[in-house]
Amino acid sequence: MIFYFSGTGNSRYAAERLASFTKDELISINDRMKMKHAGEVPDDFSFGSEKPFVFVMPTYAWNLPPVVTEWIEENHFHGSSSAYFIMTCGEDNGSSAAFARHLCDKKNFIYMGCRKVVMPENYIVMYDAPSEEDAEKIVGESEGKLRMIAEYILARKPMGSDKRTAGANFKSTAVNRAFFAMTVKDKKFYATDKCTGCGTCVKVCPLNNICLADGKPEWLGDCTHCMACISGCPTEAIEYGKATAGRRRYRCPD
Ligand SMILES: Cc1cc2nc3c(=O)[nH]c(=O)nc-3n(C[C@H](O)[C@H](O)[C@H](O)COP(=O)(O)O)c2cc1C
Ligand code: SF4
Ligand code: SF4
């Protein structure tokens, strides 16, 4: 059973490729989170599969996104006891593997490995997104790694982790904590006059953190900087302070 969380489509794409190679069921964590935040379902779900559990997600500050870790912690998984972790990233997922292993210990999963898959950078509040042409190239180059990962999953073999880069542990701990404490806030989001009140931003936010007031979006203070709203707005009306003015928006090319 393959689960994915995705802000701008990279992790959804990776999960879809894995599901296609392994012929496995695909579940959107975004949809489940939205249902929970809307109060449509209980806080915890129960998922059963005889096939290994595969969790696909973006890298946030050299670690697993906290909202995904929390979501895995609060839900129930039965049938298989094996868990694989696949992290899409612009470049480096630090020492995320250690945190995935720790999560497995908490959930009584057998840790089957944590591998990164390099995809286009989407964090446009800090960096430029690649051009459409470069993005397509990067996405195309992910195919080999995704196939390799699928082979491990099909064979139900441990796949290990990627070689850690210099300072990985420091980045995944101290820098990660400082980043979330200081940067991951929604106060700087606003909509310009280009906003048509279409409601797409409300729909795509996995945390239901946006509502429309007088036809314009308002951010409600529970944001994980997934970039779904700013990158999904059809008129590019959303900005983040001065950081995103004139910057290309990024969505994973289909
Ligand atoms: C809040 C945030 C933090 C990020 N931190 C990292 C990082 O530490 N290392 C990295 O290589 N990419 C980082 N990225 C880039 C994303 O991990 C990468 O583009 C990912 O594929 C996006 O996946 P998605 O389209 O499924 O949301 C970050 C992106 C965001 C939004
Ligand atoms: S997606 Fe863009 S245009 Fe639509 S309501 Fe949100 S900010 Fe306005
Ligand atoms: S407000 Fe925007 S950036 Fe924050 S969680 Fe929702 S969609 Fe993601």
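Ligand 1 lies between domain 1 (2–180) and domain 2 (189–240), because both domains give residues to the shell around it. The model is predicted, and the description below starts from this ligand and works outwards.

The shell around ligand 1 is made of 25 residues. Those that come closest to the ligand are Gly-7, Asn-10, Ser-11, Pro-58 and Cys-89. Two of the elements that contribute here are helix α1 (10–22) and strand β6 (82–89), each of which supplies at least two residues of the shell. In terms of residue class, the shell around ligand 1 holds eleven nonpolar and eleven polar residues, together with three charged ones.

The two domains on either side of ligand 1 come from the domain assignment of the protein chain, which gives residues 2–180 to domain 1 and residues 189–240 to domain 2. Taken over C-alpha atoms, the centres of domain 1 and domain 2 are separated by 24 Å. The domains also touch directly: 13 residues of domain 1 are in contact with eleven residues of domain 2. On the domain 1 side of this contact, helix α2 (residues 29–37) provides the largest share, with four residues. By class, that side of domain 1 has seven nonpolar residues, five polar residues and one charged residue.

Two further ligands have shells of their own. Ligand 2 is surrounded by 13 residues, and the closest of them are Cys-195, Cys-198, Thr-200, Cys-201 and Cys-233. Eight residues of the shell around ligand 2 are nonpolar and five are polar, while no charged residues are present. Around ligand 3 there are 15 residues, of which Cys-205, Cys-223, Cys-226, Ala-228 and Cys-229 come nearest. The shell around ligand 3 consists of ten nonpolar residues, four polar residues and one charged residue. Cysteine counts as nonpolar in these classes, so the cysteines named around ligand 2 and ligand 3 enter the nonpolar totals.

One last residue to look at is Arg-177, which is found in helix α7 (residues 168–182). Is Arg-177 buried or exposed? Arg-177 is exposed, because 12 other C-beta atoms lie within 10 Å and a residue counts as exposed at 12 or fewer. Arg-177 can also be placed relative to Asn-63: the two are 114 residues apart in sequence, and their C-alpha atoms are 10.0 Å apart in space.

How values were computed
Residues numbered from 1 in each chain as written. Chains lettered and ligands numbered in written order. Predicted model: local features only at pLDDT ≥ 70, side-chain atom pairs only at ≥ 80, totals over all residues. Near = placed C-beta within 6 Å. Domains from an automatic or database assignment. Contact = placed C-beta atoms within 7 Å. Buried ≥ 20, exposed ≤ 12 C-beta atoms within 10 Å, placed from the backbone.
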